[in-house]
Amino acid sequence: MARNLTFSIFRYNPQDPTSTPHTDTFILDETNHMTLFIALNRIREEQDPGLQFDFCCRAGICGACAMVVNGRPGLACHTKTKDLPENITLMPLPFFTLVGDLSVDTGTWFRNMAQRVRSWVHTDKEFNPRALEERMDNALAEEIYELERCIECGCCVAACGTAIMRPDFLGAAGLNRLARFALDPRDKRTEQDHFEIVGNDQGIFGCMGLLACEDVCPKHLPLQDQLGMLRWKMGWAGIMNLLPWKRK
Amino acid sequence: MSKSLSIDTAAYIPSPSRSSAYLDWLQMLTGAALILFMWAHMILVASVIIGPGVMNAIAHFFEATYMAQVGGPLIGLVFLLHFILAARKIPFRAEQQSRIWKHSRMLAHKDTWLWLVQVITAMLILIMGAIHMWVVLTDLPITAEKSAARIQGGFWMGFYLFLLPLVELHVGVGLYRIAVKWGFVGRDKRPKMQRFEYVITAVFICIGLVALLRFYFLAL
């Protein structure tokens, strides 16, 4: 079974004026249970110590090692080489700012997204550190947790045709984040408040329904369902505003 | 003087607006209406397969009730409105076009490609659909014999052989897109919906082809 894998890896250091974007080829013997994370580390150790890529947890939790594997955004640590052909092309995620080679800056975008969505519980309740934590229905807590599993890897945004054409689009990660706070009973924001954040062409009405986000999400978040639900809810929130007695 | 008051003093703070929601509703509703119209249209035209008399009787009904004379131009307006609304999403800048093209090639993702199919068929249908409507509506009444004569002329057979799959693809993909975009079809039903899209597209292309052949071989 031992195969020799050929890796074609994008190389470019934007900090270095002499660097030009190009592809380097590395050949590596495949071992049992090899992931791209293991392969990249071996390439860096054995062949090219200058190769830049991000990783941290190697278990699909930190979201740092997202890259384009044979055309599809995915996590390097989650991708087994045995599921790939002998020729493997690795590119950095598009859309985000390139740090170098396979490393991109997703943090700045996600920070900005969190600020746009105002990604925190909005409440006027005074916090009492002595009081017991408020109880929440378990089913609801699980529903919120399901959306909170997002690891901010950026795959959904990098796979999104809308975001690629229109960089101000909030993306599935941002819309999913709002959906998470919309579920949370502690967050006092109303549907009209949500509308002001995502009821526009940079938000849910910009989504063209290409569903690449749904298909590449390494955590299999229910993005299609969340986007559909948000469009339906925000669509009605817009219509409701036509009724004078419902107007805010 | 009073004019200076019309300056938007909040120029740098976009005022909250509902227009995106209304436009998105309109885009979806005009699309859904046109899907229903295209299916009804195809079924009515396909009545020629049963016999030219059946088609003539149906066409006569629509003209005697003025539905063709009034409804035809109205459909034309809905068609134009739908184009204008959906064109908000079409990339017209060369930079955007190049981005989405490279992106689609990189991703090799079916639904992303199908969106490009929607965009390209939209541009062609805008022109060819307008030509078709003009030719038919300026030459009322519609009869099977007149349609057959046009098809047998040669040029129009080619025209419709091209327009038919364009329309059915656009309608099929559009139906699927509305269903998944608005949450009518969830994650679990998506593969089923996709199959339904393929089947309905293929069925209507077949009906259309048979109707075209019937026109082509109709004795005049």
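An axis here is a line fitted to C-alpha atoms, for a helix over the stretch in contact, and the angle between two axes runs from 0 to 180 degrees between N-to-C directions. With that in hand, the helix pairs of this predicted model can be described.

A good place to start is chain B, where helix α6 (residues 110-137) packs against helix α8 (residues 155-181) at an angle of about 135°, the two axes being 9 Å apart. Angles that fall outside the ranges for roughly parallel, roughly antiparallel and roughly perpendicular count as oblique, and α6(B) and α8(B) are therefore oblique to each other. The crossing of α6(B) past α8(B) is left-handed. On the α6(B) side, the residues that meet α8(B) are Leu114(B), Val117(B), Gln118(B), Thr121(B), Ala122(B), Leu124(B), Ile125(B), Met128(B) and His132(B). Their counterparts in α8(B) are Phe159(B), Leu163(B), Leu166(B), Val167(B), Leu169(B), His170(B), Val173(B) and Gly174(B). Sorted by class, the residues of this contact come out as 12 nonpolar, five polar and no charged.

Val117(B) gives a close-up of this pairing. This residue is found in helix α6 of chain B. Leaving aside residues up to four places away in sequence, Val117(B) touches Leu169(B) and Val173(B). Is Val117(B) buried or exposed? Neither label fits, because being buried takes 20 or more C-beta neighbours within 10 Å and being exposed takes 12 or fewer; with 14 of them inside 10 Å, Val117(B) counts as partly exposed. As for sequence against space, Val117(B) and Gly172(B) are 55 residues apart along the chain, while their C-alpha atoms are 11 Å apart.

Zooming out, chain B has nine helices and zero strands, so to speak a run of α-α-α-α-α-α-α-α-α when read along the sequence. The C-alpha trace of chain B spans about 70 × 50 × 35 Å along its principal axes. Of the 220 residues in chain B, 25% are buried. Among the contacts in chain B with a separation of 6 or more, 80% link residues 24 or more positions apart.

Chain A comes next, and this chain is divided into domain 1 (4-104) and domain 2 (106-246). The C-alpha centres of these two domains of chain A lie 30 Å apart. Where they touch, 16 residues of domain 1 of chain A are in contact with 15 residues of domain 2 of chain A. Strand β4 (residues 72-75) of chain A supplies four residues, the largest share of the domain 1 side of this contact. By class, that domain 1 side divides into 10 nonpolar, five polar and one charged.

Helix α6 (residues 171-183) of chain A turns up in two helix pairs, described here in turn. In one of them, the axes of α6(A) and helix α3 (residues 138-148) of chain A come within 9 Å and cross at roughly 165°. That makes α3(A) roughly antiparallel to α6(A), since angles over 145 degrees count that way. Their crossing is left-handed. Leu140(A), Glu143(A), Ile144(A), Leu147(A) and Glu148(A) come from α3(A), and they meet Asn176(A), Ala179(A), Arg180(A) and Leu183(A) from α6(A). The class tally for α3(A) with α6(A) is five nonpolar, one polar and three charged residues.

The other pair brings in helix α2 (residues 107-117) of chain A, whose axis comes within 10 Å of that of α6(A), with a crossing of roughly 40°. That makes α2(A) oblique to α6(A). Here the crossing is right-handed. The residues that meet are Met113(A), Arg116(A) and Val117(A) in α2(A) and Ala173(A), Gly174(A), Arg177(A) and Leu178(A) in α6(A). By class, this contact has four nonpolar, one polar and two charged residues.

Finally, what about the place where the chains come together? The contact takes 30 residues from chain A and 28 residues from chain B. On the chain A side, α5 (161-165), α8 (212-216) and α9 (223-240) each supply at least two residues. Which of the elements gives the most to that side? The answer is α9(A), with nine residues. Sorted by class, the side of chain A that touches chain B has 14 nonpolar, 10 polar and six charged residues.

Methods
Residues numbered from 1 in each chain as written. Chains lettered and ligands numbered in written order. Predicted model: local features only at pLDDT ≥ 70, side-chain atom pairs only at ≥ 80, totals over all residues. Contact = placed C-beta atoms within 7 Å. Parallel < 35°, antiparallel > 145°, perpendicular 65-115°, else oblique. Left-handed = near helix turned anticlockwise from the far one by under 90°. Nonpolar A, V, L, I, M, F, W, Y, C, P; charged D, E, K, R; others polar. Domains from an automatic or database assignment.
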